[in-house]
Amino acid sequence: MTESLASHPDRLFPADPGTRQIARELYADVEHFPILSPHGHVPAEWIADDVPFTDPTALLVTPDHYVTRLIHTAGVPLGELGVGAGETLGEDLSRTGWRRFAESWPLFDGTASGYWLRSEFEQVFGLPAEMVETFCPGNADAVYDAIAAKLAEPDFRPRRLFEDFNIEVLATTDDPLDSLEAHERLAKDESFRGRVVPTFRPDAYINIAHPEWAERIERLTAEASGGVAGFAGYLRALENRRRYFVDHGAVSADHGVRTPLTLRLEPSEAEALFEKARRGEADAADRDAFEAHMMWEMARMSVEDGIVMTIHPGSFRNHHGPTFAEFGGDTGHDIPFAVNYTQGVHALLQDFGTAKDFHLVLFTLDETVFSRELAPLAGFYPSVYIGSPWWFLDAPDAMLRFRSAVTETAGFSRSSGFIDDTRAYCSIPARHDTSRRIEASFLARLVAEHRITEARAHELIVDIVDRAPRRVFKL
Amino acid sequence: MTESLASHPDRLFPADPGTRQIARELYADVEHFPILSPHGHVPAEWIADDVPFTDPTALLVTPDHYVTRLIHTAGVPLGELGVGAGETLGEDLSRTGWRRFAESWPLFDGTASGYWLRSEFEQVFGLPAEMVETFCPGNADAVYDAIAAKLAEPDFRPRRLFEDFNIEVLATTDDPLDSLEAHERLAKDESFRGRVVPTFRPDAYINIAHPEWAERIERLTAEASGGVAGFAGYLRALENRRRYFVDHGAVSADHGVRTPLTLRLEPSEAEALFEKARRGEADAADRDAFEAHMMWEMARMSVEDGIVMTIHPGSFRNHHGPTFAEFGGDTGHDIPFAVNYTQGVHALLQDFGTAKDFHLVLFTLDETVFSRELAPLAGFYPSVYIGSPWWFLDAPDAMLRFRSAVTETAGFSRSSGFIDDTRAYCSIPARHDTSRRIEASFLARLVAEHRITEARAHELIVDIVDRAPRRVFKL
Amino acid sequence: MTESLASHPDRLFPADPGTRQIARELYADVEHFPILSPHGHVPAEWIADDVPFTDPTALLVTPDHYVTRLIHTAGVPLGELGVGAGETLGEDLSRTGWRRFAESWPLFDGTASGYWLRSEFEQVFGLPAEMVETFCPGNADAVYDAIAAKLAEPDFRPRRLFEDFNIEVLATTDDPLDSLEAHERLAKDESFRGRVVPTFRPDAYINIAHPEWAERIERLTAEASGGVAGFAGYLRALENRRRYFVDHGAVSADHGVRTPLTLRLEPSEAEALFEKARRGEADAADRDAFEAHMMWEMARMSVEDGIVMTIHPGSFRNHHGPTFAEFGGDTGHDIPFAVNYTQGVHALLQDFGTAKDFHLVLFTLDETVFSRELAPLAGFYPSVYIGSPWWFLDAPDAMLRFRSAVTETAGFSRSSGFIDDTRAYCSIPARHDTSRRIEASFLARLVAEHRITEARAHELIVDIVDRAPRRVFKL
C-alpha cells in the first residue's frame, strides 16, 4: 500500500505521541467548520457563471505562480506551462505543460504547494494515493486524463465545488471601477446559498508610477467624482466607489504597497503631488510619499465607512524584467524584502490607532517583524490586527514560527484568522485544513507544556478558526 | 479538579517524556536558589519604608504596562485602569479597573503576563486554581476581595515578601541626582538582610531632545561638577555621580538609547554639540550624534570606575502621541524596531573592547541580532555579554529561541543571566522560575540529543542561574 | 563509563523516539558516502607535499579562529595561542597555547567547535572519551602528548588522512595569480586518487580599498592581460586567469563582498572608477560601486566560462582595529550585519538570472534572508542556489532553522549541499557528519509529521548529501 500523505489522519501533527493526541482532539472540534475566506483571488465570475473548468493544466498549473515558479527553476520556460497563452491553452499546450509539471513533481517535496496539490489530487479529484506518489512523466497522461474526466462531470463545476468545499464566505479582489455585476447576480440568486463578497483594491489608482495611472484617474474621476475636479474629486471618487463596494457586500479594502510608510501630508502638498503625477513629472520619492499619504487617506475613509483596511508591503514586484516583459505580472518573481512597520505606520496610527471600530490588518512577507513589531503594535492598539502568515509563509513550519513569535506578546485575540489569498480554487480546502491542523498542533504543545489548560485550548481553536475572521473582518 | 497551570510540577518543560525527565532533574538543582535581580524597576522606597500595598488594582494592573496594554486592545481606555490617576486609586476606580481586567482575562492566554499573573494569584496570594482559571466578571469582586484581604496582612508587606521570594540582590533604577537615601537606609538596617542596589540611569541627561534636558543639566552641574563649567563640568558631574552610586552599592549603569550607535567625537565637536543643545538649537542628527558620543564616554567611565555598562536600544518610545499626551510614558506603546549593533558599537569597542574588567551587556528587542551580531561580538570581545531576552522576549518560546540562536556561536559563558526588568514586584518569583525552567528545558534537549553530557548540564544550569549574574554584574 | 558525545550512535538526532528511529535509518543511507567539499581553505600544498603536522596547537588551535576567538573571550591574548607567531610555534609557545586551550575547554560546551573538537579528539586521534570529557589544565599535557605522538606517525600525514576521511573532492581557495603548482602536481600524481581543485578568489583584485590593490593590479595586468592596457586589460587578465583556473580543475569562483549589491555600470563609468582607484582617489562609495559592477562582470564571465559563482556578503571584516593591527585578518572578529539580497542581486539577475548553465550560490551570515529573500529568489531563478548555512551557522540548530526557513518555499532542490569552508583539516569529517545527521533529523521530522513519505526521504537524503553538491558545483 502506498502511503497517502494527503489523507493520513495525523498529517501535520507533532510527532510526540502525547502532544499528537491533544492535537487530534483539538482539530476534531473544527475539522468540519465552514470555510471563511476574507481575502483571495478567485474571480466572482467563475461562481456566478458556473462555467466548467477547461483542462487540468489551465486549472492547476498555469495560473498558480507558486507552481510555475518552481517548475521554472528547472529551466522550463514559462511559455511551455501556458503562461501568457490566454484563457484557453489548447490540447497540445495543455498536455505539454502537464508533462513539464510531472517531470518537476519531485521539486515540490517539502513545499506547501506540494502538499496542497497532493490534497487536491486525492481529495478533490479522487486520484488514488499510488498514482499521486508516483506522479512522473510515465503516468502524466493518465493523471491528466483522470482529472480531465472529473472536470467534465457536473459535480466539478465551481458552484457545486463551492458547496462541497463548505465555503461560507469567499472574498474576491476587485478593481475600484468594477461593476461587481457578478457579485450582484450571486447575491440575488436564491439557488446559491454562499456569500461572495468583493474587496476594494485601489493599488493601480494610488501608485502614481503605474504606467496607466493617469488614464485610470481620468476614468475614475469621470465615473465617480460627482463632478468634483482635481485631487478633491479623486478622493471623492474613491469614497464613492468604496461606498458602492460596501453596498455590494464588501467588508475590506486591500493595499499592496511598496513599503509600510504612512504620512499625513498637508492637503496642499498631497494635491501638488497629485498634479505633478498627472503631468508625468513625479519621481520615485514622489511615488512613495503619495502612496504613504494615501494610506492615511484610506484609513480615514475606513474610519468613516467601516471597511476593514489590510496592507501588505515589502514585495519587489516583477523582479526579473525580461520575464515581466514577456509574461506580465504575477508570474512568480515578486521577491520580499525587509520592512519597517514601527516607523511606517506611525503617522496613520497617531490619528486613527484608537478610532472606534477601525480595523487595520498588517500582513508581512518579512517574518522578523512578527515578534519585533507586529505583536507589540497589535498588543497595544485596539485597531491593529496581525495578518496571518501568507504568501511564502502560509506553510506548516512558517505558521508555527508565526504563532511562536506573536503569542507571548499579543495572545491569540490579535491575529486575523487564516487567509488563503489564492487564485487556486481547488486548493482552498487543503489550505484551510492545513491551517486548522497547525493551529491545533501549536495549541497542543502549549497544553502539553502546561501553558494553557486543555479546556481553554478547546475554546481557543474555535476562536482562531471561526470567530477571529468574523470579528476581524466584520463578516 | 481544575487543572492548575501555575503549580503543575512539569510546567514549561518539553513534552517529550525522556527530555522532560532530564529537565526535571536539572531544574531541581536550581529551583530553590536565591534570586539575583541585577536590573529592575521596583522602587527602593517600597522596601525601605515597608509600606503595605494599597489594593489589587494598584499593585497588579495599573503600573504594569504589559497588563494594561493588552486590556487596552479590547478598547478599554487606560484611564479606566487607573493609569494616570496617581498613587492611590480610590475604591471605585480600583474596583472598576479590576472588573475590566477580569473581562479581559481571556486575552492573556498564551502570553507571558498571563503566566506570571496566574503564578502570583496562586503562589503569592494563595488563590485556589479554580478561582484563577474561572477569573471573569462573575467572580471579579471575589478575587479582588481575596487579594485585598491578603494585602492587609503583615505577611504581605514588601520586606516580608522580599524574604519569602528569597531575593538576595535586587537592583533598582535611579536618576543620577537621586540621593539614594532609601538604599542607604536599607544598607544600614541590620534587620534587613537583603541587598538593594541602585543603578545609574542617565538617559534624561544624555538625550538632548528631552524637554527638560537643559534644566536637568543645570541641576546636575550645579550639584556635582565641582565648580567646573561647560561640557567638561558635565562630564565631571557624571563621573562624580557615578562614584556616588558606586559608594552606595551600584554595580551597573543602564542606557536606554535610541540606536546602538557609538561615536568617538573630537572633544571640541562634542563640546560644540553640548553648547548647541543648551542653546536649544540641536536637531535630530545632533541628538543621535551626542548620544553616540556619550556612550563612548560612558564606556570610558566604566573602564575607570568598574561599573558594568548595559545598553538597550531600538525602542520607538511613546509611539501613540495622544496616549502619551494624556497618560505619559511607560504606558504600553514603546514599539521595537530593527537595530544594527555591528556597526553601532564599533567605535566604542575599538577603544574599550579588550579593556581589563570592562563589562558591556548588550540587550535587544530585535531578535535577529542574537545569532547575527550579538553572539559573534560576545564570541570574540572579552568585554561583551549578550543580554538575556527581556521586554517582549522574556517568555518561554522567546527564551528558547534566544538560547538556540546564541549558544552554537558563543556557548553558555557569554550571556548575562536572567534579567526580570520589572516594576511588578509580585511577579519576580514567577519570572525567575520561568527562566530556570526554560534553561533546564534547553539544556535537557542538548543532553537528549547527545550534544552535552548530563554531568556538564548539571554544572551549566548552576552557572547560568547563579554564577553568570554574579560574574557579569560583579555582584 | 564516561559518556562519549562524539561517538554516541544517536548524537544530534531528535529526542522523540519515533522520529529518532526514522533519522537513524535515513542517516545510515549516507553515513559512509564520500566527502565532497566544494569550498574550503585547506592549502593544496599540505596534500601535495604531504608534510607531517608539527604539533597539536599549530594544527588544532592557532589557525582556527573559531577556537581562538572563544579562548580570547576569557581574556587570553591571541599571542599566547600562537596567533601571529608564524608557521612553527616552538615547543614552549605550543605548550602554553595548549594549556590556555585546556583552561577554556568549558567555554566550548554547546558550540559547534566544541562538538567538532570532541570528534577530532576521539575519532581522528583516538583519545578515550574520559580524557576528552575531563580535558582541563590537569591533563592538558597528557592530551597534548597523546596527540603529538599520533601526529608523528605516518598514518597522520595529510594524504593518508585524506584517504581515511574518505574525501573525494576538496576545493581550495586561491589567489588569481597563484601558479596552482601544487594542484598540478596532485593531478599528475598517480599515487593520489583524490581530487583537489582550486577556487578563483579575486577579492583583493576587486576591492579597490585594499591597500595593495594598485600593486596587485600591476602584477595581474603584467602577467595576464595579454598586453591590453587599462580597464579592458584588467578584465582580460581576470578572464585569462579564470581560464587558467578552469584548466587546472577549478569549478567555482568565490567572492567575499561587503554587501550583495550588484550594478551594471556603463563601461565608461566602470573604467573611470578603475582609473580613479589607480590614482588613489577613490572613496568608500566608489569602492562599493566598483565592487557591485565587478560582480556583474564576474557573472558575465561565469556565463561564458561555466565557473560557478559564489558570493558571501555581510561581514564587517576585522572589527577590532587593534587586533587586526597586531595579528592581521581572520583572527575571529569578522562580525556579520544585515544584508539586502533582493535589491542587491537585481541588476545581475536581470541580465543573467535565466542564462543557461549559470550557477550563482548565495551565502549569508544573516539568517533573516533565508525565508524572506533567498528561498523566493532560488524558487524562481534557475541560476540561483541557496548556500548552505556556514560560518557561525554551520551548527545543528542553525542548520535546522535553515531547512525550516527555506524548504516550504524552495523545496530541497535549490540548496547548495553542505560546505565546510574550513582550514581545520581534521574537522572535515566531523563537519560533514554533523550535516548528514541534521539533514536526516530534519527529513525524519517531515516523515513523522506525514509531510513527505519515508520512501521519498530516502531518496532526498542521497540527493542532499551527494547529488546536490555535484549538480550545483558541476563536480
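# Notebook: three chains and two residues

**Entry 1, the copies.** I laid chain C on chain A: a turn of 120 degrees and a shift of 0.0 Å along the axis give an RMSD of 0.0 Å. The two copies are thus related as by a three-fold rotation axis. For such a fit, copies are superposed by least squares on the C-alpha atoms of residues with pLDDT of at least 70 in both. In chain C, I found that C:Asp16 has the C-alpha nearest the axis, 3.6 Å from it. I also noted that the copies use different surfaces, since 5% of the contact residues of chain C recur in chain A. Contact here means heavy atoms within 4.5 Å.

Before going on, I wrote down that this is a predicted model, where local features need pLDDT of at least 70 and side-chain atom pairs count only at pLDDT 80 or more, while totals for chains, interfaces and linings use all residues. Residues are numbered from 1 along each chain as its sequence is written, chains are lettered from A and ligands numbered from 1 in the order in which they are written, and side-chain values use heavy atoms, with hydrogens and water left out.

Next I tried chain B on chain A, and got an RMSD of 0.0 Å with a turn of 120 degrees and a shift of 0.0 Å along the axis. Which residue of chain B comes closest to the rotation axis? I found B:Asp16, with its C-alpha at 3.6 Å.

**Entry 2, where B meets A.** I looked up the contacts and found 50 residues of chain B touching 41 residues of chain A. The two chains bury about 3,700 Å² between them, 55% of it on carbon and sulfur atoms. That buried area is the accessible area (1.4 Å probe) that two parts lose on being put together, summed over both.

How many salt bridges does the rule find across the interface of chain B and chain A? I noted four, where a salt bridge is a side-chain nitrogen of Lys or Arg within 4 Å of a carboxyl oxygen of Asp or Glu. In one salt bridge, the side chain of B:Asp397 meets that of A:Arg445 at 2.6 Å, N to O. On the B side, the elements giving two or more residues include helix H1 (17–30) and helix H20 (396–410). Helices are DSSP runs (H or I, at least four residues), numbered from the N terminus.

**Entry 3, B:Ser4.** I found B:Ser4 in the segment before H1 of chain B. B:Ser4 is buried, with a relative accessible area of 13%; buried means under 20% (1.4 Å probe, protein chains only). Not counting residues up to four places away in sequence, B:Ser4 touches B:Glu122 and B:Ala129.

**Entry 4, B:Leu127.** Where is B:Leu127 placed? I located B:Leu127 in the loop between helix H6 (112–124) and helix H7 (129–133) of chain B. Is B:Leu127 buried or exposed? B:Leu127 is buried, with a relative accessible area of 6%. Leaving aside neighbours within four places in sequence, I listed the contacts of B:Leu127, among them B:Phe121, B:Glu122 and B:Val132. I also checked B:Ala28, 99 residues apart from B:Leu127 along the chain, and the C-alpha atoms of the two are separated by 25 Å.

How values were computed:
Buried means under 20% relative accessible area, exposed over 50%, partly exposed in between (1.4 Å probe, protein chains only).
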